[in-house]
Amino acid sequence: MQRLRPLNEQECYLRCYGWVGDDDAVRVMRPGEDAPEATSVLTERIRLAFEARLEEREPEAA
């Protein structure tokens, strides 16, 4: 597929990430504040829980 025109930086960003943040401010986390769990960590926890549930199941008859 050939593009009719080149994309600018903003259009490339939107194509890759799907949104532009409305708030470009940086939030300072103080020591002791609970930080939200990273998406990758949460995804790994879900995957491990799913695998554990699969292992608990009885084998299906073929």
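Begin by selecting Glu11, which is partly exposed at a relative accessible area of 25% (buried means under 20% relative accessible area, exposed over 50%, and partly exposed in between, with a 1.4 Å probe and protein chains only). Add Arg5 to the selection: the side chains of Glu11 and Arg5 meet in a salt bridge, at 2.8 Å from N to O, a salt bridge being a side-chain nitrogen of Lys or Arg within 4 Å of a carboxyl oxygen of Asp or Glu. Arg5 also counts as partly exposed, at 47% relative accessibility.

Some conventions apply throughout the tour. This is a predicted model, in which local features need pLDDT of at least 70 and side-chain atom pairs count only at pLDDT 80 or more, while totals for chains, interfaces and linings use all residues. Residues are numbered from 1 along each chain as its sequence is written, and side-chain values use heavy atoms, with hydrogens and water left out.

Next, show the whole chain as a cartoon. The protein chain has two helices and zero strands, where helices (H or I, at least four residues) and strands (E, at least two) are DSSP runs numbered from the N terminus. Of its 62 residues, 0% count as buried. With a surface displayed, the accessible area of the protein chain comes to about 6700 Å², of which 54% belongs to carbon and sulfur atoms; such areas come from the Shrake-Rupley method with a 1.4 Å probe, and for residues only the protein chains shown count as cover.

Now select helix H1, residues 9–17, where the number of buried residues is zero out of nine, so the helix lies largely in the open. At its N-terminal end, Asn8 acts as a cap, with a side-chain oxygen 3.1 Å from the backbone nitrogen of Gln10. Just after H1, select Gly18, which takes a positive phi of about 80 degrees.

Stay with H1 for the cysteines. What does a search of the whole structure find in the way of disulfides? The search finds zero, a disulfide being a pair of cysteine sulfur atoms within 2.5 Å. Cys12 is in no disulfide, and the nearest cysteine sulfur, that of Cys16, is 6.6 Å away, which is too far for a bond. Cys12 is partly exposed, with a relative accessible area of 34%, whereas Cys16 is exposed, at 61%.

Move on to helix H2, residues 39–56, and select Arg47 together with Glu44, which lie three residues apart in this helix, about one turn. Arg47 forms a salt bridge with Glu44, the closest N and O atoms being 2.5 Å apart. Then add Glu51: Arg47 forms a salt bridge with Glu51 as well, again with 2.5 Å between the closest N and O atoms, and these two residues, four apart in helix H2, are separated by about one helical turn. An α-helix has 3.6 residues a turn, so residues three or four places apart point the same way.

Keep the three side chains on display, since Glu44, Arg47 and Glu51 are linked in a network of salt bridges. Arg47 is partly exposed, with a relative accessible area of 37%, while Glu44 is partly exposed at 34% and Glu51 is partly exposed at 33%. How many salt bridges does a search of the whole structure find? It finds three.

Conventions
Polar contact = N/O pair within 3.5 Å; in protein donor to acceptor, adjacent residues only side chain to side chain.
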